[in-house]
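Work through the exercises below with the model open. Try each task before reading its solution.

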Amino acid sequence: RSAYVSNIDFEYHAELPQLEDHESFALLQSWGEHVVAKDRPGVVDHYAWKGTLWPTLSNVLRQDPAEIEDYFVLFLGKIDGVTPVEWNHAVAQPVAEDTVMLSGIYTFGLTSGSVPARFSYLFKDVDGMGNWKIIHHHSYQMPEEENDEWRPIQIGEEDSFSVLESWGNAVKSKDRHAVLSHYVPTGTLWP
């Protein structure tokens, strides 16, 4: 057990906004421009000191600037250097005045062609003056292509909330079988 983790109390806030625009989006754009330019120091500078990266093309968690830069040696070598990073979908969820969770889909122009990936970033205004830095970044290549057999569906807000609420109640009850009933038999959970 970590010395930093004790008596964690998770509290649900029903009104967590989802914004299509936020001042921190400028950091995404800048990061993407540095990726296309293959500017490794410029890319790394977007990460806070001791920020973390779960990269797209590596199974190794990167936990400091040197490790993050090491990953970008590999990744930037695959970038075509021409095609801008396309931000196909991005949603910002402010979790505090100085902290924003961003998630969505981006597409990279690689030398092998365009590759879409999902992303999540946790940004922090490190000085209270709008100096946003990445404190966590998780990226992974899209696992499947949309086709006639598999097509995403949008369930209603009430339906999705009731599933989440039911799962939360099962977790609170510490009933393992009730929790597991919320997952498909062949589902995967990354704890």
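## Exercise 1: the sheet

Task: give the strand order of the open sheet and its pairing type.

Solution. The 5 strands of this open sheet lie in the order S1-S5-S4-S3-S2, and the pairing is mixed. Next, find the edges. Strand S1 (47-54) and strand S2 (86-96) each pair on one side only, as edge strands do. Then take the twist. On average, neighbouring strands are turned by 20° against each other, direction ignored. The model is a predicted one.

## Exercise 2: one strand pair

Task: state how many bridges join strand S3 to strand S4, and in which sense the two run.

Solution. Strand S3 covers residues 99-110 and strand S4 residues 113-125. They run antiparallel, joined by 12 bridges. Now locate one facing pair: leucine 110 is opposite glycine 113 in S4.

## Exercise 3: helices on the sheet

Task: list the strands touched by helix H1 and by helix H3.

Solution. Start with helix H1 (residues 25-36). It packs on the sheet and touches S1, S2, S3, S4 and strand S5 (132-141). Its direction makes about 140° with that of S2. Helix H3 (residues 65-76) also packs on the sheet, touching S1 and S3. The direction of H3 makes about 50° with that of S1.

## Exercise 4: alanine 170

Task: decide whether alanine 170 is buried or exposed.

Solution. First place the residue: alanine 170 sits in helix H4 (residues 157-173). Its relative accessible area is 5%. The cut-off for buried is under 20%, so alanine 170 is buried. Now check its surroundings. Beyond neighbours within four places in sequence, alanine 170 contacts Asp175, Ala178, Val179 and His182. Finally, take a distance. Leucine 180 is 10 residues from alanine 170 in sequence, and their C-alpha atoms are 8.8 Å apart.

How values were computed
Residues are numbered from 1 along each chain as its sequence is written. This is a predicted model: local features need pLDDT of at least 70, side-chain atom pairs count only at pLDDT 80 or more; totals for chains, interfaces and linings use all residues. Side-chain values use heavy atoms; hydrogens and water are left out. Helices (H or I, at least four residues) and strands (E, at least two) are DSSP runs, numbered from the N terminus. Buried means under 20% relative accessible area, exposed over 50%, partly exposed in between (1.4 Å probe, protein chains only). Contact means heavy atoms within 4.5 Å. Two strands pair if DSSP finds at least two bridges between them. Axes are lines fitted to C-alpha atoms, for helices over the stretch in contact, and angles run from 0 to 180 degrees between N-to-C directions.
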